[in-house]
Amino acid sequence: MAMNKVKITSDLELKDRLVAINRVTKVTKGGRTFTFSAIVVVGNENGIIGWGLGKAGEVTAAISKGVESAKKNLIQVPVLKGTVPHEATAHFGGAEVLIMPASAGTGVVAGGAMRAVMESVGITDCLAKSKGSSNPHNLVKATIAALAEMRDARTIAANRGISLDKVFRG
């Protein structure tokens, strides 16, 4: 896998999306203590995506911690004409995802956690399927792992040291 990490700069317009929020209860001698964990994805809807997990005693604090965590691990994803360049599969934990390109006008055919990731990265047309676990934490991680595997034709040609039209001819 190529290094496609992105450094955060001030000119990136990142939008955050809340994927899931979880209330955790700890029972102590003094009673119940509630904390919240939030998984958040951030993206500029133009090929940059990151995810983060925030935990705090309040929902808003958990979301803001998740956003700050997401900004620390951004990656670049090639998006060609609103779709992905090729098929990709990945798994994380019990979740397995399959992402396929689609023609213009198809829309994002994906479930909840995968849909948030696809829309944040700027993909407008794709077919996606999740198998196994529907845990949003593992689905987000598997989807981003599949997107991190994506390579466009220019990158492949540069890595192989050949011209762009030779990549398509075989």
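Student: Is isoleucine 21 buried, partly exposed or exposed?
Tutor: Use relative accessible area: buried is under 20%, exposed is over 50%, and partly exposed is in between (1.4 Å probe, protein chains only). Isoleucine 21 has a value of 41%. So isoleucine 21 is partly exposed.

Student: What kind of model is this?
Tutor: Residues are numbered from 1 along each chain as its sequence is written, and side-chain values use heavy atoms, leaving out hydrogens and water. Local features need pLDDT of at least 70, side-chain atom pairs count only at pLDDT 80 or more, and totals for chains, interfaces and linings use all residues; the model is predicted.

Student: In which strand is isoleucine 21?
Tutor: Strands are DSSP runs of E, at least two residues long, and helices are runs of H or I, at least four; both are numbered from the N terminus. The strand of isoleucine 21 covers residues 15-28. That is strand S2.

Student: What area does the nonpolar patch with Ile21 have?
Tutor: Patch residues have over 30% relative accessible area and no salt bridge; nonpolar side chains (Val, Leu, Ile, Met, Phe, Trp, Tyr) are joined within 5 Å, like charges within 9 Å. Areas come from the Shrake-Rupley method with a 1.4 Å probe; for residues, only the protein chains shown count as cover. Leu18, Ile21 and Val59 make this patch, of about 220 Å².

Student: How many salt bridges are there?
Tutor: Side chains of opposite charge can pair when their charged atoms come close. The cut-off is a side-chain nitrogen of Lys or Arg within 4 Å of a carboxyl oxygen of Asp or Glu. By that test, the count is four.

Student: How far apart in sequence are glutamate 45 and arginine 17?
Tutor: Their side chains meet in a salt bridge, 2.9 Å from N to O. Glutamate 45 is in the loop between strand S3 (31-43) and strand S4 (48-56), and arginine 17 is in strand S2; the separation is 28 residues.

Student: Which parts does the pair of glutamate 119 and arginine 17 tie together?
Tutor: This is a salt bridge, with its closest N and O atoms 3.2 Å apart. The two residues are 102 apart in sequence, so the pair ties together helix H2 and strand S2.

Student: Which residues join the salt-bridge network?
Tutor: Arginine 115 also forms a salt bridge with glutamate 119, at 3.7 Å between the closest N and O atoms. These two are four residues apart in helix H2, about one helical turn. Bridges that share partners make one network of Lys15, Arg17, Glu45, Arg115 and Glu119.

Student: Which strands stand at the edges of the open sheet?
Tutor: Strands pair if DSSP finds at least two bridges between them. The four-stranded sheet has mixed pairing and the order S6-S7-S9-S8. Each edge strand has a single partner, so one side lacks a neighbour in the sheet: these are S6 (88-92) and S8 (108-109).

Student: Which residue in the turn between S6 and S7 has a positive phi?
Tutor: S6 and S7 (residues 95-101) pair in the antiparallel sense over five bridges. They form a hairpin with two residues between them. The phi is about 60°, and the residue is glycine 93.

Student: Which residue in S9 stands opposite valine 97?
Tutor: S7 and S9 pair in the antiparallel sense, over seven bridges. Valine 97 faces alanine 90 on the S6 side, since it stands opposite that residue in S7. In S9, its opposite is serine 130.
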